[in-house]
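Could you walk me through this protein in my viewer, one selection at a time? I would like to know what to click on next and what I will find there.

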Amino acid sequence: MESHALDMVATDDLVPTDDRKFTSVDWKGRDTVHGRHGGMRAAVFVMGLQAFEIMAIAAVGNNLITYVFNDMHYSLPKSANIVTNFVGTIFLLSILGGLICDSYLGSFLTIIVFGLIELSGYIVMAVQAHVPRLKPESCNIMNPEEICKQPKGVQAFFLFLGLYLVALGSGCLKPNMIAHGGDQFDANDAKERRKMSTYFNFAYLSFCIGELIALTFLVWIQSRCGMDVGFGVSASVMVLGLVSITIGTPFYRNRVPQGSVLTRIAQVFVAAAHKRKLRCPSDPRMLHELRDPYPYNYHLEKAVLKNTQPDRQLLLHTDQFRFLDKAAIVDQNEDGSPWKLCTVTQVEQVKVVIRVIPIFACTIVMNCILAQLQTFSVQQGSTMDSRLGRSNFHVPPASLQAIPYIMLVILVPLYDAVLVPFLRGMTGKETGISQLQRIGIGLFISTFSMVTAALVEAKRKQVARDSGLMDGPDKVSLPLTIFWIAPQFLVFGLSEMFTAVGLIEFFYSQSPAGMQSMLTALTYCSYSFGFYLSGVLVSIVNKVTGSGSNGGWLSDNNLNKDHLDLFYWLLAALSFINFLNYIFWSRWYKSKSAFHHPASQISADCHSSRVNASTSPDVFRNTGN
């Protein structure tokens, strides 16, 4: 019987037709129809929201340090921390949005609710920037002779109310946009799997287009017409995004929420702890759920699946984190409570979440680098000659972040149309290279973004020294074009094309049914921890390098007197160490992609029979990678 079960797993006959067919409904709650619902036609409307939403938030976030520094009069380090905390909160709240979606509301309703919250935040920010009483009096913070007041009381309340309404809305929106788009494709159909991969690439393309417009046109509006008009335009753009997602309503495949994700996870740990003194059976079929004579048949009799909803996919048993298997040990003296007895599928869902954590953690340093490009690099540009050639047109420093997106708007379609088919022919993989390989390439490239930034900053300070402008007189730019800092943005943009898309596709493809939004949210949590790490690093570096009257590498409002180049070298070193760490964990992850164990071998504690199981939990297939 053991060999027969293994033979079944090794074939393609047991790929389920569609593990979401029972939970995918249209906007009226009816079963969706293949060909009428879902597909790229539906995903286009989701990508429209993605483009408009990132356009709105990028116009605010990428120029926020200028607003907080010049208009709100916070010091440069404080301004940088306000920005990084704001952006970090956006991405941290994505996990909340994912949990709400998977557990209660579903992706579409979650998008609408939190989209309106984000819109209200833009309106509050626009009102504050427009009404003089709601912000400090105008003052030149760069002039040491002027005493500039920071916002207090009602002014500070409106500032942070607007910021964190935007953070709440945008954070809870982001993972659900990606997951809702991915839900429009059948992961168990070969053609739709390829289209899903294309969707993730073009979702990133829509992100790039939105960023590009925000960092050119919208940032220009902020610089030319004022921040109040700029925030108002962000609100208008957000309205267009909500209109886009609403128009596609008749075409969507909507995932039905499957109950609290946190409760299902907690039940496994509680049940395993309750049975911690028990031994697991040598045969995994003795665990709860695997009692059918042919246990790996997807079409099991639903009557034997106690505590398992019939519309949930079944996951194969694996022997990683074997302590958790105790949650599925059947005890005849128990009442079958889900807090004392869990199914193998439920246990394996928890194992999936644990497996992806090291991969998630390895992307945090890269997003710490992104935080520098949105804060200190913008301030670098503000000290340089921003004229475009010999004309009188000045490039806003924040708009330099548009340079990589100009490149990516061209490269992303070429990657999907040319490079992926070429690599597919070489590797036999539908995505050309594996998602883990794609993430690793991006992490490696990101190191050189900070190397480039450190070299350019050393050049900038040398020019300031040679020009006698170390004190940074008011409104005097260095005789060095702002485009010197473009390469650091270009290199990072290239790295993000690999890592960002690979990470989103990796988390979505690895997620069990009912956890798509939550695991996709881990991508954004990585951004969050990266931005928080940036703030912590700035504080630590200033404390460690400061002595006496010297406040540290990054303590002065004048970059010419700071040691930003040394800080960039530190980040480059951390990035390379992080890449080496990622190599270890990616190899660990791939080494667990197939599980073989002789059926006759018995362990003293949970050494159960291994089966050939893919670490991709969504499909049953041969894992001969």
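Here is a tour in seven stops, from a surface patch to buried helices, ring pairs and salt bridges. Keep in mind along the way that this is a predicted model.

**Stop 1: a patch on the surface**

Select Y104, L105, L109 and V113 and show them as a surface. Together these residues make a nonpolar patch with about 360 Å² of accessible area. Helices α5 (94-105) and α6 (107-130) are the elements that give two or more residues to the patch. Now click on L109, which sits in helix α6. Its relative accessible area is 42%, so L109 counts as partly exposed.

**Stop 2: a serine in helix α7**

Next, colour helix α7, residues 154-182, and pick S170 within it. Is S170 buried or exposed? It is buried, because its relative accessibility is 0%. To see what surrounds S170, show the side chains of E53, I57, I90 and E118: S170 touches these four, leaving aside residues up to four places away in sequence. Keep E53 on screen for the next stop.

**Stop 3: salt bridges**

Across the whole structure, a search finds 10 salt bridges. Start with K174 and E53, whose side chains meet at 3.2 Å, N to O. K174 belongs to helix α7 and E53 to helix α2, so this pair ties together parts that are 121 residues apart in sequence. K174 is buried at a relative accessible area of 6%, and E53 is buried at 1%.

Move on to R253 and E192. This salt bridge has its closest N and O atoms 3.3 Å apart. R253 is in the loop between α9 and β2 (254-255), while E192 is in helix α8, so the pair ties together parts that are 61 residues apart in sequence. Both R253 and E192 are buried.

For another pair, zoom in on D385 and R387, which form a salt bridge of 3.0 Å, N to O. D385 is buried with a relative accessible area of 19%, where the cut-off for buried is under 20%. R387, at 37%, counts as partly exposed. Then select D325, E348, K351 and R355: salt bridges that share partners join these residues into one network.

**Stop 4: helix α9**

Hide the side chains and select residues 227-247, which make up helix α9. If you would like to check its length, use the distance tool on the C-alpha atoms at its two ends. They are 30 Å apart, which agrees with the 30 Å that 21 residues should span at 1.5 Å a residue.

Which residues of α9 are buried? They are M227, D228, G230, F231, S234, A235, V237, M238, G241, L242, S244 and I245. Turn on the neighbouring helices to see the packing: the buried residues of α9 pack against α2 (39-61), α3 (64-70), α6, α7 and α8 (190-225).

**Stop 5: helix α11**

Select residues 344-361 for helix α11. Its 18 residues should span 26 Å at 1.5 Å a residue, and its end C-alpha atoms lie 27 Å apart, which agrees. Switch on a surface for the rest of the protein and you will find α11 mostly covered, with 15 of its 18 residues buried.

**Stop 6: aromatic rings**

Now show the aromatic side chains. How many aromatic pairs does a search of the whole structure find? The search finds 22. One of them is F157 with F158, an edge-to-face pair with the ring centres 5.9 Å apart and 90° between the planes. F157 is exposed at a relative accessible area of 52%, whereas F158 is partly exposed at 23%. Then select F185, Y199, F200 and Y508, which ring pairs link into a cluster.

**Stop 7: a lysine in helix α15**

Finish at helix α15, residues 435-466, and pick K461. With a relative accessible area of 7%, K461 counts as buried. Add L564 and draw a line between the two C-alpha atoms: K461 and L564 are 103 residues apart in sequence and 9.6 Å apart in space. To fill in the surroundings of K461, show M470, N560, D562, H563 and D565, which K461 touches, again not counting residues up to four places away in sequence.

Key: Residues numbered from 1 in each chain as written. Predicted model: local features only at pLDDT ≥ 70, side-chain atom pairs only at ≥ 80, totals over all residues. Heavy atoms only, no water. Patch = residues over 30% accessible without salt bridge, like charges linked within 9 Å, V, L, I, M, F, W, Y side chains within 5 Å. Areas by Shrake-Rupley, 256 points an atom, 1.4 Å probe, with all protein chains shown as cover. Salt bridge = Lys/Arg side-chain N within 4 Å of Asp/Glu carboxyl O. Helix = DSSP H or I, 4+ residues; strand = E, 2+ residues; numbered from the N terminus. Buried < 20%, exposed > 50% of the residue type's maximum accessible area, 1.4 Å probe, protein only. Contact = heavy atoms within 4.5 Å. Expected span 1.5 Å × (residues − 1). Phe/Tyr/Trp six-rings, centres within 6.5 Å; stacked < 30°, edge-to-face > 60°.
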